[in-house]
Amino acid sequence: EISACLVGSEMCIRDRSYSNLISFVETSVGASVLSRNQINDRQLSTNFQFSNSLAFGGYFTPQSTWTVQLQHYSNNSIKLPNNGINFYNINFAFRY
């Protein structure tokens, strides 16, 4: 069963001036629409949510990366209560 679907767009900025262990840091902001305004026991006031994320990561090889990311969604007090929600992600990607 799918809890909720998310459609959104974010603008991302990546800074690659870090050591070999952490090769990049990125941040993004955007807007999203959730298919439901209740996720488990979390009640969101609106389906429209602003999104922010902060991540850092590195390269295993030139084609593979790892990323640790914090994503935050909230309606920026458009409607109260403004019960935002956070997601913590670990991503592994391989480009082919």
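Accessible areas here come from the Shrake-Rupley method with a 1.4 Å probe. On that basis, the protein exposes about 6,700 Å², and carbon and sulfur atoms supply 57% of that area. Before I go further: this is a predicted model.

Let me start with the overall layout. The protein has seven strands and zero helices. Going along the sequence, the pattern is therefore simply β-β-β-β-β-β-β, with helices and strands taken as DSSP runs. Of the 96 residues, 30% are buried. As for contacts, take those between residues at least 6 apart in sequence: 45% of them join residues at least 24 apart.

Next, the aromatic rings. How many aromatic pairs does a search of the whole structure find? The search finds five. I will go through two of them, beginning with phenylalanine 56 and tryptophan 66. Their rings are 6.0 Å apart, centre to centre, with 85 degrees between the planes, and the pair is edge-to-face. Why that label? Planes over 60 degrees apart count as edge-to-face, so 85 degrees puts this pair in that class. The pair links distant parts of the chain, with phenylalanine 56 in strand β5, residues 48-61, and tryptophan 66 in strand β6, 10 residues apart. The two partners also differ in burial class: phenylalanine 56 is partly exposed at 34% relative accessible area, whereas tryptophan 66 is buried at 17%.

The other pair I want to show is phenylalanine 60 with phenylalanine 92. Here the centres are 6.2 Å apart and the planes make an angle of 20 degrees, and the pair is stacked. The label follows because planes under 30 degrees apart count as stacked. This pair, too, links distant parts of the chain: phenylalanine 60 belongs to strand β5 and phenylalanine 92 to strand β7, residues 85-94, with their positions 32 residues apart in the numbering. Are these two phenylalanines buried or exposed? Phenylalanine 60 is exposed, with a relative accessible area of 52%. Phenylalanine 92 is exposed as well, at 61%. Both labels hold because exposed means over 50%.

That brings me to the surface. Which residues form the nonpolar patch? They are Phe56, Phe60, Val68, Ile90 and Phe92, and together they have about 530 Å² of accessible area. Strands β5 and β7 each supply at least two residues of this patch. Valine 68, for its part, is located in strand β6. Valine 68 is partly exposed, with a relative accessible area of 32%. Membership in a patch needs over 30% relative accessible area, so valine 68 passes that cut-off at 32%.

Now two buried residues, starting with serine 64. This serine is in strand β6, which covers residues 64-74. Its relative accessible area is 9%, so serine 64 counts as buried, the limit being under 20%. The side chain of serine 64 makes a polar contact of 2.8 Å with the side chain of threonine 61. Leaving out neighbours within four places in sequence, serine 64 is in contact with Gly58, Tyr59, Ala93 and Phe94.

The second buried residue is isoleucine 85, in strand β7. Isoleucine 85 has a relative accessible area of 11%. Which residues does isoleucine 85 touch, not counting those up to four places away in sequence? They are Ile39, Arg42, Gln71, His72 and Tyr73. For histidine 72 there is also a backbone distance: its C-alpha is 5.8 Å from that of isoleucine 85, and the two residues are 13 apart in sequence.

Last, the loop between β6 and β7, for those who look at backbone angles. Proline 81 sits in this loop. The peptide bond joining leucine 80 and proline 81 is cis, with omega at about 0 degrees. Asparagine 76 lies in the loop between β6 and β7 too, and has a positive phi of about 55 degrees although it is not a glycine. Asparagine 76 is exposed, at 55% relative accessible area. Serine 77 is also placed in that loop. Its phi is near 65 degrees, again a positive value in a residue other than glycine. At 45% relative accessibility, serine 77 counts as partly exposed.

That is what I have on this one.

Note on methods
Residues numbered from 1 in each chain as written. Predicted model: local features only at pLDDT ≥ 70, side-chain atom pairs only at ≥ 80, totals over all residues. Heavy atoms only, no water. Helix = DSSP H or I, 4+ residues; strand = E, 2+ residues; numbered from the N terminus. Buried < 20%, exposed > 50% of the residue type's maximum accessible area, 1.4 Å probe, protein only. Polar contact = N/O pair within 3.5 Å; in protein donor to acceptor, adjacent residues only side chain to side chain. Contact = heavy atoms within 4.5 Å. Phe/Tyr/Trp six-rings, centres within 6.5 Å; stacked < 30°, edge-to-face > 60°. Patch = residues over 30% accessible without salt bridge, like charges linked within 9 Å, V, L, I, M, F, W, Y side chains within 5 Å. Salt bridge = Lys/Arg side-chain N within 4 Å of Asp/Glu carboxyl O.
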